[in-house]
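Work through the exercises below with the coordinates open. Try each task before reading its solution.

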Amino acid sequence: MKKINIGSDFSEFPVGRFRSDGPDSGQRFREDFLEPALSSGQSVIIEMSGTDGYGSSFLDEAFGGIIRLMKLSQVEADRLFKFEADPEDQSFIEEVKGYIKNACADVARSK
């Protein structure tokens with residue numbers, strides 16, 4: 001199991017959808033961190049604390065994007081992703097789970 005701490009491993013200011021939006025974009029996080037971590041088929045622990053918040057486009061592109069790219073079901077997503085956060089950052093986990101749920105529904109509709 002791999003652990004990624006977004007705040008210390010990636011950026012304290014994760015914002016933007018695409019690489020063209022800046023160096024801390026969801027696309028860069030997905031391509032440079034999530035895809036390599038998931039390539040082994042093992043689950044990944046995502047530490048959500050340690051940032052100055054999250055842009056919604058960052059979360060949707062990173063987490064919804066990986067779901068759509070890999071065509072994951074909700075069951076598969078629940079197996080692959082585990083989230084951790086300090087008590088004051090728990091709302092980030094709920095937000096990202098919403099993007100994952102929506103992306104899984106998109107994948108299910110496209111099958």
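The exercises go from the overall fold to single residues, and the model is a predicted one.

**Exercise 1. The fold**

Task: List the elements of the protein in order from the N terminus.

Solution:
- Step 1. Count the elements. The protein has five helices and three strands.
- Step 2. Walk along the chain. The order is β-α-α-β-α-α-β-α.
- Step 3. Check the sequence separation of the contacts. Take those between residues at least 6 apart in sequence; 72% of them join residues at least 24 apart.

**Exercise 2. Overall dimensions**

Task: Compare the radius of gyration of the protein with that of a compact globule of 111 residues.

Solution:
- Step 1. Get the reference value. For 111 residues, a compact globule would have a radius of gyration near 13 Å.
- Step 2. Compare. The protein has 13 Å, so the two agree.
- Step 3. Add the extents. The C-alpha trace spans about 35 × 30 × 25 Å along its principal axes.
- Step 4. Look at burial and surface. Buried residues account for 47% of the 111 residues. The exposed area is about 5,700 Å², and carbon and sulfur atoms supply 50% of it.

**Exercise 3. Helix α5**

Task: Find the buried residues of α5 and say what they pack against.

Solution:
- Step 1. Check the geometry. Helix α5 covers residues 90-110, which is 21 residues. From first to last C-alpha it reaches 31 Å, close to the 30 Å expected at 1.5 Å a residue.
- Step 2. Apply the cut-off: buried is under 20% relative accessible area. The buried residues of α5 are F92, I93, V96, Y99, I100, A103, C104 and V107.
- Step 3. Place them around the axis. They cover an arc of only 140°, so they lie on the same side of α5.
- Step 4. Turn the helix over. The face pointing away from the buried side carries the exposed residues E94, K101, A108 and R109.
- Step 5. Identify the partners. The buried residues of α5 pack against α3 (56-70), α4 (74-80) and β3 (81-84).

**Exercise 4. Helix α2**

Task: Compare the span of helix α2 with that of a straight helix of 13 residues.

Solution:
- Step 1. Take the expected span. A straight helix of 13 residues would span 18 Å at 1.5 Å a residue.
- Step 2. Take the model value. Helix α2, residues 26-38, spans only 16 Å between its end C-alpha atoms.
- Step 3. List its buried residues. They are G26, Q27, F29, R30, L34, A37 and L38.
- Step 4. Find the cover. Elements over the buried residues of α2 include β1 (2-5), α1 (6-10), β2 (44-47), α3, α4 and β3.

**Exercise 5. Two buried polar side chains**

Task: Which side chains make polar contacts with those of E61 and S11?

Solution:
- Step 1. Start with E61. This residue is in helix α3. Its relative accessible area is 10%, so E61 is buried.
- Step 2. Find its partner. The E61 side chain makes a polar contact of 3.4 Å with the side chain of R17.
- Step 3. Widen the search. Beyond four places in sequence, E61 touches R17, F18, G26, Q27, R30 and I66.
- Step 4. Move to S11. This residue is in the loop between α1 and α2. At 6% relative accessibility, S11 counts as buried.
- Step 5. Find its partner. The side chains of S11 and D24 form a polar contact of 3.1 Å. Not counting residues up to four places away, S11 touches I6, D24 and T51.

**Exercise 6. Distance along the chain and in space**

Task: How far apart are the C-alpha atoms in the pairs S56 and E95, and D86 and K101?

Solution:
- Step 1. S56 and E95 are 39 residues apart along the chain, and 8.5 Å separates their C-alpha atoms.
- Step 2. Locate S56. It is in helix α3. Leaving aside neighbours within four places, S56 contacts E95 and Y99.
- Step 3. D86 and K101 are 15 residues apart along the chain, with 22 Å between their C-alpha atoms.
- Step 4. Locate D86. It is in the loop between β3 and α5. Not counting residues up to four places away, D86 touches E47 and S49.

**Exercise 7. A backbone check**

Task: Is K71, which has a positive phi, buried or exposed?

Solution:
- Step 1. Read the angle. K71 has a phi of about 55°, although it is not a glycine.
- Step 2. Locate K71. It is in the loop between α3 and α4.
- Step 3. Apply the cut-off: exposed is over 50%. K71 has 54% relative accessibility, so it counts as exposed.

Conventions: Residues are numbered from 1 along each chain as its sequence is written. This is a predicted model: local features need pLDDT of at least 70, side-chain atom pairs count only at pLDDT 80 or more; totals for chains, interfaces and linings use all residues. Side-chain values use heavy atoms; hydrogens and water are left out. Helices (H or I, at least four residues) and strands (E, at least two) are DSSP runs, numbered from the N terminus. The expected span of a helix is 1.5 Å times one less than its number of residues. Buried means under 20% relative accessible area, exposed over 50%, partly exposed in between (1.4 Å probe, protein chains only). The arc is that of the directions from the helix axis to the C-beta atoms. Contact means heavy atoms within 4.5 Å. The radius of gyration is taken over C-alpha atoms; the globule rule is 2.2 Å times the number of residues to the power 0.38. Accessible areas come from the Shrake-Rupley method with a 1.4 Å probe; for residues, only the protein chains shown count as cover. A polar contact is a pair of N or O atoms within 3.5 Å; within protein, one must be able to donate a hydrogen and the other to accept it, and residues adjacent in sequence count only if both atoms are side-chain atoms.
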